[in-house]
Amino acid sequence: LSLSPSCFIFKTMFKVVKIILIALILSNVVSSAEAKVLYRHKSHKGFSAKSALLWDITNDKIYFERNAQKRVYPASTTKVMTALLALEKLSLSDYVTVSSRVIGVQQTNLGFRAGEQYKVEDLIYACLLKSANDAAGVLAEAVGGTQENFVVMMNQRAAELGAKSTNFANAHGLPSKGPQYTTAKDMALIF
């Protein structure tokens with residue numbers, strides 16, 4: 001299997017973005033010095049996260065864990081799965097069309113208009129770096145045909161990755177009628 005240069009560069013860049021995102025999440029949760037202290041002393045004093053996992057998956061070493069199996073609301077981390085499926089199913093150079101179904105999504109959005117076309121690569125950037133909920137919706141429809149089909153694909157892919165305690169209800173993580181949950185361990189597997 002040979003990757004085109006732009007696909008290889010993007011996949012490499014996506015790995016770097018994953019590392020940066022994990023680092024940012026962890027830096028907001030706990031500094032490395034605190035992680036070592038927490039690991040050594042198993043102390044949770046001054047640590048406010050309900051669920052966390054500092055895990056070296058390569059060496060299967062857990063440095064810190066707090067309720068890593070506890071179900072929590074995934075929120076915008078949902079977009080990591082959206083981007084993963086888009087990378088697996090679409091070409092970065094493809095253009096996709098915005099439908100009226102994604103217009104006006106709440107919270108962070110880029111103000112797309114129905115009928116506009118955007119490159120998949122740009123939508124993935126918007127989804128991951130701007131946390132653009134409308135970009136996530138456009139990618140979902142491009143991959144799954146409908147948002148509902150895409151959610152089925154998200155949950156299937158999560159299960160394939162071993163994320164057995166995860167259920168997505170939409171492509172962006174905003175509150176919905178369906179149940180949405182994940183665990184710190186499952187998100188580490190997905191990342």
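Begin by selecting phenylalanine 112, a residue that is buried, with a relative accessible area of 8%. Keep in mind throughout the tour that what is on the screen is a predicted model.

**The aromatic pair**

Leave phenylalanine 112 highlighted and add tyrosine 118, which is partly exposed, with a relative accessible area of 24%. A search of the whole structure finds 1 aromatic pair, and phenylalanine 112 and tyrosine 118 are the residues that form it, with ring centres 4.5 Å apart and an angle of 40° between the planes, an arrangement that counts as tilted. The word tilted applies because 40° falls between the cut-offs, under 30 degrees for stacked and over 60 for edge-to-face.

For another ring, select tyrosine 181 together with arginine 71: the arginine lies over the face of the tyrosine, at 3.9 Å from the ring centre.

**The whole chain**

Now zoom out and show the protein chain as a cartoon, in which 7 helices and 4 strands can be counted. If you trace the chain from the N terminus on, the elements follow one another in the order α-α-β-β-α-β-β-α-α-α-α. Of the 191 residues in the protein chain, 40% count as buried, and the accessible surface comes to about 10,700 Å², with 55% of that surface belonging to carbon and sulfur atoms. Among the contacts between residues at least 6 apart in sequence, 56% join residues that are at least 24 apart.

Before going into detail, colour the chain by pLDDT, for which the mean is 82, while 75% of the residues reach 70 or more. Residues 24-34 have a pLDDT below 50, and beyond near neighbours in sequence this stretch has 10 contacts in the model. Where pLDDT is low, the predicted coordinates should not be read in detail.

**Helix H5 and its surroundings**

Select residues 133-144, which make up helix H5. How far apart are the end C-alpha atoms of this helix? They are 16 Å apart, which agrees with the 16 Å that 12 residues should span at 1.5 Å a residue; the expected span is 16 Å because the rise is multiplied by one less than the number of residues.

Is helix H5 mostly covered or mostly uncovered? The helix is mostly covered, since 11 of its 12 residues are buried, and among them you can pick out Val138, Leu139, Ala140 and Val143. To see what covers these buried residues, add helix H3 (78-89), strand E3 (95-97), helix H4 (120-129) and helix H6 (147-160), which are included in the cover. Just after H5, stop at glycine 145, whose phi is positive, near 85°.

**Helix H4**

Move next to helix H4, where Val120, Leu123, Ile124, Ala126, Cys127 and Leu128 are buried. An α-helix has 3.6 residues a turn, so residues three or four places apart point the same way. Aspartate 122 is also placed in helix H4, but at 42% relative accessibility this residue counts as partly exposed. Draw a distance from aspartate 122 to serine 93, and you will find the two C-alpha atoms 9.2 Å apart, although the residues are 29 apart in sequence. H4 is followed by serine 131, whose phi is positive, near 55°.

**Two loops**

Go to the loop between strand E3 and strand E4 (117-119), and select glutamine 107 there. Is glutamine 107 buried or exposed? At 62% relative accessibility, glutamine 107 counts as exposed. Leaving aside residues up to four places away in sequence, glutamine 107 touches Asn133 and Leu174. The C-alpha atom of glutamine 107 is separated by 9.3 Å from that of aspartate 134, a residue 27 places away along the chain.

For the last stop, select the loop between strand E2 (61-66) and H3, in which asparagine 67 lies and in which alanine 75 is also found. Asparagine 67 has a phi near 50°, a positive value in a residue other than glycine, and alanine 75 likewise has a positive phi, of about 50°, although it is not a glycine. Asparagine 67 is partly exposed, with a relative accessible area of 40%, and alanine 75 also counts as partly exposed, at 31% relative accessibility.

Note on methods: Residues are numbered from 1 along each chain as its sequence is written. This is a predicted model: local features need pLDDT of at least 70, side-chain atom pairs count only at pLDDT 80 or more; totals for chains, interfaces and linings use all residues. Side-chain values use heavy atoms; hydrogens and water are left out. Rings of Phe, Tyr and Trp (its six-membered ring) pair if their centres lie within 6.5 Å; planes under 30 degrees apart count as stacked, over 60 as edge-to-face and the rest as tilted. Buried means under 20% relative accessible area, exposed over 50%, partly exposed in between (1.4 Å probe, protein chains only). A charge sits over a ring if NZ of Lys or CZ of Arg is within 6 Å of the ring centre and within 35 degrees of the ring normal. Contact means heavy atoms within 4.5 Å. Accessible areas come from the Shrake-Rupley method with a 1.4 Å probe; for residues, only the protein chains shown count as cover. pLDDT is the predictor's confidence in each residue, from 0 to 100.
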